[in-house]
Amino acid sequence: MQESSVIQHFLQQGTRESLIEGILENLEVRFDARDLQTVASALERIDAVQRLRRLRREALQTPSLAAFEQTLGLTEDVDDNGSP
């Protein structure tokens, strides 16, 4: 049984890494973003594969990089006038 849980851990870790890589690639391509270190660090702190899957979809649909960063809680919510 122990071996099975170790295998599951590595499979989940591989899935997480693949999802994070996909999210970063989507953001880079969509928004010509080069410096995504802050986003990458925030994504690395997320353990839940389901949340990363939702964020991958969000990265495909979000209107801007700033909006995605807001989803991650990296920036303050701003109103239509640009004020927090």
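In which helix does leucine 27 lie? Select leucine 27 and you are in helix α1, where helices are DSSP runs of H or I with at least four residues, strands are runs of E with at least two, and both are numbered from the N terminus. Before going further, note that this is a predicted model, in which local features need pLDDT of at least 70 and side-chain atom pairs count only at pLDDT 80 or more, while totals for chains, interfaces and linings use all residues. Residues are numbered from 1 along each chain as its sequence is written, and side-chain values use heavy atoms, with hydrogens and water left out.

**Stop one: leucine 27**

Leucine 27 is buried, with a relative accessible area of 0%; buried stands for under 20% relative accessible area, exposed for over 50%, and partly exposed for what lies in between, using a 1.4 Å probe and protein chains only. Show its surroundings and, leaving aside neighbours within four places in sequence, you will find leucine 27 in contact with Asp32, Ala33, Leu36, Val39, Ala59, Leu65 and Phe68, contact being heavy atoms within 4.5 Å. For a distance across the fold, pick the C-alpha atoms of leucine 27 and glutamate 58, which are 9.9 Å apart in space although 31 residues separate them in sequence.

**Stop two: the loop after α1**

Select aspartate 32 next, in the loop between α1 and α2, and look at its backbone, since this residue has a positive phi of about 50 degrees although it is not a glycine. Aspartate 32 is exposed, with a relative accessible area of 54%.

Now add arginine 34, which counts as exposed at 63% relative accessibility. Its side chain meets that of aspartate 32 in a salt bridge of 2.9 Å, N to O, a salt bridge being a side-chain nitrogen of Lys or Arg within 4 Å of a carboxyl oxygen of Asp or Glu. Through shared partners, salt bridges join Glu28, Asp32 and Arg34 into one network. The side chains of glutamate 28 and arginine 34 meet at 3.2 Å, N to O, and glutamate 28 is partly exposed, with a relative accessible area of 36%. By this rule the count of salt bridges comes to two.

**Stop three: helix α2**

Select residues 37-44, helix α2, in which Val39, Ala40, Ala42 and Leu43 are buried. Seen down the axis of α2, these buried residues fall within an arc of 160 degrees, so they line one face of the helix; the arc is that of the directions from the helix axis to the C-beta atoms. The face turned away from that buried side carries the exposed residues Gln37 and Thr38.

**Stop four: arginine 16**

Return to α1, residues 2-31, and select arginine 16. Which side chain of opposite charge is nearest to arginine 16? That side chain is glutamate 44, 4.2 Å away, and arginine 16, though buried, has no salt bridge. The backbone oxygen of glutamate 44, however, lies 2.9 Å from a polar atom of the arginine 16 side chain. Beyond four places in sequence, the contacts of arginine 16 are Leu43, Glu44, Ile46, Asp47, Val49 and Leu52.

**Stop five: threonine 62**

Finish at threonine 62, in the loop between α3 (49-61) and α4 (65-71), which is buried with a relative accessible area of 0%. Its side chain reaches the backbone oxygen of serine 64 at 3.3 Å. Not counting residues up to four places away in sequence, threonine 62 touches Arg30, Phe31, Ala67 and Phe68.

How values were computed
Lys and Arg count as positive and Asp and Glu as negative; His and the chain ends are not counted. A polar contact is a pair of N or O atoms within 3.5 Å; within protein, one must be able to donate a hydrogen and the other to accept it, and residues adjacent in sequence count only if both atoms are side-chain atoms.
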